[in-house]
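Let's walk through this fold together, one question at a time. Grab the viewer and follow along.

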Amino acid sequence: MTLGRRQFLHLAATAAAVPTISSIGRAEVYPARPVHIIVPYPAGGAPDIIGRLAAQWLSERLNQQFIVDNRPGAASNLGTEVAARAPADGYTLLVAVSTNAVNASIYSHLKFNFIRDFAPVAGIGGTPFVMAFAPSFPAKTFPEFISYAKAHPGKVNMASQGIGTTPHVCGELLKMMTGIDIVHVPYRGNLMPDLLAGQVQFYFSPLVQAIEYVKDGRLRALAVTTATRAALLPDVPTVGEFVPGYVASGWYGIVAPAGTPGTVIDKLSKQILAGVADPKLRARLLTLGVVPVPRPPAEFGKFIADETAKWEKVIKFASINVD
């Protein structure tokens, strides 16, 4: 992991370096034909919508078609592998998400290495998670929850969409940092009915999924996972206010196969970052529950490497492996 992380940071730092003479010709006319943006998830979800927003923005600004190519399957690994094997010419991009950083440690037999095989292009934003509790749960505040969990080890159930999903590892990070003993309950289908009924006690929910339930009182929000409070729930504290150093969120960005010419990455990065700064596009992201956080290649590369290292520690602590 150390070598791979170093290689990834090197790729990020040199992404805008002057390419060789043979690549200059290609980069000068880029994009000369349609560009495919692989989304490793089905149509309709947040990664797909973000991919389509990026595709529309880039198509309009670079006068070429950017086409979303949905390749769902294997917890995003199928589409990610397709992108990793694509020519490093700028004509195949990937919508990268926080799951990529988690999967790097959960799956031991992947046919690609996310750190080694991709170069960062631009970070787009992050998704806060909120600890959403059934109203029947006795704790009314985050400190009360920690006290209750410590007094009742193995008696508090935490729902998620499956082993290794971001809500799952958010809980494992909390366990690692607080010493509480809670039980993970993975779901394949919709977990909300059981949460609302109190069959499971809580869930690290994407903010946009839980916000209406919280506002009308059907769920109780005890904390959000980001470093700062969420604008949509300003009265809800962060986990980090009680557990110093705790930060967890979903995130989205664009990466390209390693070896993609620096001039191409630079052109794409500048346009994507301009899009994230555009008021209309920012507003659209916020409606998806995505807080715009523009990151240029070097910064985005360091962020991904840090996230991968963080989740590796959590996954080892929790002994998570799905191979």
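**Fold and cores**

Q: Among contacts in the protein between residues at least 6 apart in sequence, what share joins residues at least 24 apart?
A: First, a caveat: this is a predicted model, where local features need pLDDT of at least 70, side-chain atom pairs count only at pLDDT 80 or more, and totals for chains, interfaces and linings use all residues. Residues are numbered from 1 along each chain as its sequence is written, and side-chain values use heavy atoms, with hydrogens and water left out. Taking contact as heavy atoms within 4.5 Å, the share joining residues at least 24 apart is 79%.

Q: Why is the protein called as compact as a globular protein of that length?
A: The globule rule (2.2 Å times the number of residues to the power 0.38) goes with a radius of gyration taken over C-alpha atoms. For 323 residues the rule gives 20 Å, and the protein is as compact as that because its own radius of gyration is close to it, at 20 Å.

Q: How many of the 323 residues count as buried, in percent?
A: Buried means under 20% relative accessible area with a 1.4 Å probe, protein chains only. By that cut-off, the buried part comes to 53%.

Q: Which helix gives the largest share of the largest nonpolar core?
A: A nonpolar core is a set of buried Ala, Val, Leu, Ile, Met, Phe, Trp, Tyr and Cys residues joined through side-chain atoms within 4.5 Å. This one has 46 residues, with Phe-202 and Trp-311 among those touching the most other members. Six of its residues come from one helix (a DSSP run of H or I, at least four residues, numbered from the N terminus). That's residues 297–318, helix H13.

Note on methods: Buried means under 20% relative accessible area, exposed over 50%, partly exposed in between (1.4 Å probe, protein chains only). Helices (H or I, at least four residues) and strands (E, at least two) are DSSP runs, numbered from the N terminus.
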